Amino acid sequence: RRLELPHQSPAVATAFSSDGLTMVVVIPGQVLLYDTTTDSLSKSFLLPGLQIDFVAISNSKQTIALADSPGSVRLLTISDGSVTQTLPGSGKVLDLSFSPDDRIIASSAGSEINLFDAHTGILIKKLTKHDAAVNAIAFSANGRLLASGSDDRTAIIWDTESGKSKHILKGHDQTVRAVAFSPDGSLLASGSGNASVVLWDV
């Protein structure tokens, strides 16, 4: 299956809804929503003058988060394409994620992770334990934990309520580029640039 994008435009960011039925594709100046059961374009919104680096879709499929090159995150309502919030940036966003209940948006910028209230746009917590750029973030299925992987060769597991680090995981000898929790939250996988993945008991 191949989707041909309008005007032969390059895809610069993509994301799936949690149920897999909707795919978001960002092309220069536009956001496209596809129905994955029919591969048909269901909605599109113009983004004039914005260069988007990352995109995430809420689990309710009501909101899209778009991170632009300067580091701001815009929340776009899927029903009408309106921008409801613009979250302040602290540098180029390297990853972006909604919590499972859609209450929190996490964004990594530089060595920091920002947790925003998805409804008010208020910064709730700033997580600062890494010594270098944070490349990847992921929530656990219950939303109580957030994992991050960094250029400092560590992965960190955070308590999202307190904003404190629970575990600093050292076992990689290169940059940590990917993190993911198992569905039951008992394991964390962290992948590094040296062609290895480490599994951690949480």
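**View 1. The largest cavity and the residues around it in this predicted model.** Start with the lining: Gly 71, Val 73, Pro 88, Gly 89, Ser 90, Val 93, Ser 107, Ala 109, Asn 114 and Phe 116 surround the largest cavity. The space inside comes to about 30 Å³. If you scan the whole structure for cavities of 30 Å³ or more, one turns up. As for secondary structure, strand 10 (104–109) and strand 11 (112–117) each put at least two residues into the lining of the largest cavity.

**View 2. The hairpin of strand 10 and strand 11.** These two strands also help line the cavity of the previous view. Strand 10 and strand 11 run antiparallel to each other and are joined by six bridges. To pick out one rung, look for Ala 106, whose bridge partner in strand 11 is Leu 115. Which residue in the turn has a positive phi? That's Gly 110, at about 60°, in a hairpin with two residues between its strands.

**View 3. Strand 11 again, now with strand 12 (123–127).** The pairing of strand 11 with strand 12 is antiparallel and spans four bridges. Asn 114 sits opposite Lys 126 of strand 12, and Asn 114 is also one of the residues lining the largest cavity. This hairpin has five residues between the strands, and here Gly 121 adopts a positive phi near 80°.

**View 4. His 130 and its polar partners.** Follow the chain past strand 12 and you get to His 130, in the loop that leads to strand 13. Buried or exposed? With a relative accessible area of 6%, His 130 is buried. Its side chain makes two polar contacts shown here: one with the side chain of Ser 148 at 2.7 Å, and one with the side chain of Thr 154 at 3.3 Å. Setting aside residues up to four places away in sequence, His 130 touches Ser 111, Ser 148, Ser 150, Asp 152, Thr 154, Ile 156 and Trp 158.

**View 5. The open sheet with strand order 13-14-15-16.** Four strands make up this sheet, and their pairing is antiparallel. Strand 13 (134–139) and strand 16 are the edges: each has a single partner strand, so one side of each lacks a neighbour in the sheet. Ignoring direction, neighbouring strands here are turned against each other by 15° on average. Zoom in on strand 15 and strand 16, an antiparallel pair held over five bridges. Ile 156 faces Ile 168 across this pair, the latter in strand 16. Ile 156 also appears among the residues that His 130 touches.

**View 6. Thr 160, between strand 15 (154–159) and strand 16 (165–170).** Thr 160 lies in the loop that links these two strands. At 10% relative accessibility Thr 160 counts as buried, since the cut-off is under 20%. Where does its side chain reach a backbone oxygen? At Gly 143, with a distance of 2.8 Å. Not counting neighbours within four places in sequence, Thr 160 is in contact with Leu 115, Phe 139, Gly 143, Arg 144, Leu 145 and Leu 146. One of these, Leu 115, is the residue that bridges to Ala 106.

**View 7. The open sheet with strand order 1-2-3-4.** This is another four-stranded sheet with antiparallel pairing. Strand 1 and strand 4 (40–46) form its edges, each pairing on one side only. From one strand to the next, the twist averages 20°. Strand 3 (residues 30–35) pairs with strand 4 in the antiparallel sense, over six bridges. Within that pair, Gln 30 stands across from Leu 46 of strand 4.

**View 8. The largest pocket.** How much space does the largest pocket hold? About 390 Å³. Its lining counts 19 residues, and those closest to the centre are Ser 18, Ile 57, Asn 59, Ser 97 and Phe 98. The elements giving two or more residues to this lining are strand 1 (13–16), strand 5 (52–57), strand 9 (93–98) and strand 13. Two of those already came up as sheet edges: strand 1 in the 1-2-3-4 sheet, and strand 13 in the 13-14-15-16 sheet.

Terms used
Residues numbered from 1 in each chain as written. Predicted model: local features only at pLDDT ≥ 70, side-chain atom pairs only at ≥ 80, totals over all residues. Heavy atoms only, no water. Buried < 20%, exposed > 50% of the residue type's maximum accessible area, 1.4 Å probe, protein only. Polar contact = N/O pair within 3.5 Å; in protein donor to acceptor, adjacent residues only side chain to side chain. Contact = heavy atoms within 4.5 Å. Pairing = 2+ DSSP bridges. Axes fitted to C-alpha atoms, helices over the stretch in contact; angles between N-to-C directions. 1 Å grid on protein atoms, 1.4 Å probe; cavity = no way out; pocket = protein on both sides within 12 Å on 5 of 7 lines; lining within 4 Å. Points joined across faces, edges and corners; volume = space filled by probe spheres on them.
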